[in-house]
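User: I am new to this structure. Please show it, and then I will ask about it piece by piece.

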Amino acid sequence: MTGTAPVPFTADDYKARMDRAARQAADAGLAGLLVAPGPDLVWLTGYAPPAVTERLTLLVLAAGREPVLVVPTLEAPDAEKATGAPALALRDWTDGKDPYALTAALLDAQGRFGVSDNAWALHLLGLQKTLPGTSYVSLTEALPMLRAVKDAAELERLAAAGAAADAAFEEIRNVRFSGRRESEVAADLAALLRRFGHSQVDFTIVASGPNGANPHHEAGDRRIERGDMVVLDFGGLRDGYGSDTSRTVHVGEPTEEERRVHDLVREAQEAGFRAVRPGAACQDVDRAARAVIADAGYGEYFIHRTGHGIGVTTHEPPYMIEGEEQPLVPGMCFSVEPGVYLPGRFGVRIEDIVTVTEDGGWRLNDTERGMVTVD
């Protein structure tokens, strides 16, 4: 089962994104944006270079100007095939030429520019040497909400990715856990994500027993035993958009304490979800979930933020964390994933991807949130 292929994005879609990004940059007081290969470039143009190399590739965006993609000559044919290519101009450079001089001619010599977070220092320093009057700020700092509000086509892809992750969970809960290594169950999860349409698997956390107290535990050689709580956290990309869900299962019947902690985390996750509504601050979601856990006396064991944005990457702004006053806007998508982690004993995490609607929130994951027992 892979589902129906989504409607492809068009050159007009990418043009609208580039125009919006340039306007937002101008509104933020920037002379423009400089976008290196990575998720921002893919989202803005549909172009992913065949390989990330030391050769400069850079999208230059500025309000009122035609977008320009600077590319090595040997990669220009691939760039011309990108869906968004008709909405921009290509400027290619050959080995032996100075790509920074070519790029500098497109820039305000005294301007301040937003730069994609994964731009190489090599290239940024090369531009700065050529244009010493320029200055730079990361896109996450300057325009943290650039990709945060999804349109209908993006929401459709995120929903399909979430449904595929749910299908993987429904399958994995029926496999044998006891006596098998964490890494074996993790491999099963990765295979299931691919079977249900994922082209990329970003993580398959399988954290059993005391390993569950480490939120980012790497699945290892520990053999899962009867009586273990097992945190499952997995996701990746399907049709270019992310999935990320967590459920905590128990091998055999849980103890009263284990069930109580699991119920507490489920209650906290529900409180976080119910705090989602337009105009609420991101920190309100964190506060709602965290209050439930703190009031029950487990506050010191909830050791991470309540959520993160998701889109063309599985972790991106906005973040559901204390101090983040960014208001929620319809179309934002993010995780709600409180947890309790008892060192040396076990952990519990329950996570759904949620999108903001006109009057609340909509979960993109809908598998059982109550205690699930496995063999």
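User: How much area does the chain expose, and what share of it do carbon and sulfur atoms supply?

Analyst: This is a predicted model, in which local features need pLDDT of at least 70, side-chain atom pairs count only at pLDDT 80 or more, and totals for chains, interfaces and linings use all residues. Residues are numbered from 1 along each chain as its sequence is written, and side-chain values use heavy atoms, with hydrogens and water left out. Areas come from the Shrake-Rupley method with a 1.4 Å probe, and for residues only the protein chains shown count as cover. The chain exposes about 15600 Å², and the carbon and sulfur share is 50%.

User: Why does the chain count as being as compact as a globular protein of its length?

Analyst: The radius of gyration is taken over C-alpha atoms, and the globule rule is 2.2 Å times the number of residues to the power 0.38. For 375 residues that rule gives 21 Å. The chain is close to this, so it is as compact as a globular protein of that length, with a radius of gyration of 23 Å.

User: What percentage of the residues is buried?

Analyst: Buried means under 20% relative accessible area, exposed means over 50%, and partly exposed lies in between (1.4 Å probe, protein chains only). Of the 375 residues in the chain, the buried part is 53%.

User: Which helix gives the largest share of the largest nonpolar core?

Analyst: A nonpolar core is a set of buried Ala, Val, Leu, Ile, Met, Phe, Trp, Tyr and Cys residues joined through side-chain atoms within 4.5 Å. The largest one has 33 residues, and Leu69 is among those with the most contacts inside it. Several elements supply at least two residues each, including strand 1 (32-35) and strand 3 (68-72); helices (H or I, at least four residues) and strands (E, at least two) are DSSP runs, numbered from the N terminus. The largest share, four residues, comes from helix 1.

User: Is Arg55 buried, partly exposed or exposed?

Analyst: Arg55 sits in the loop between helix 2 (39-45) and strand 2 (58-61). Its relative accessibility is 24%, so Arg55 counts as partly exposed.

User: Which residue's side chain makes a polar contact of 2.8 Å with the side chain of Arg55?

Analyst: Contact means heavy atoms within 4.5 Å. Not counting residues up to four places away in sequence, Arg55 touches Pro72, Leu74, Trp93, Asp95 and His123. A polar contact is a pair of N or O atoms within 3.5 Å; within protein, one must be able to donate a hydrogen and the other to accept it, and residues adjacent in sequence count only if both atoms are side-chain atoms. At 2.8 Å, the side-chain partner of Arg55 is Asp95.
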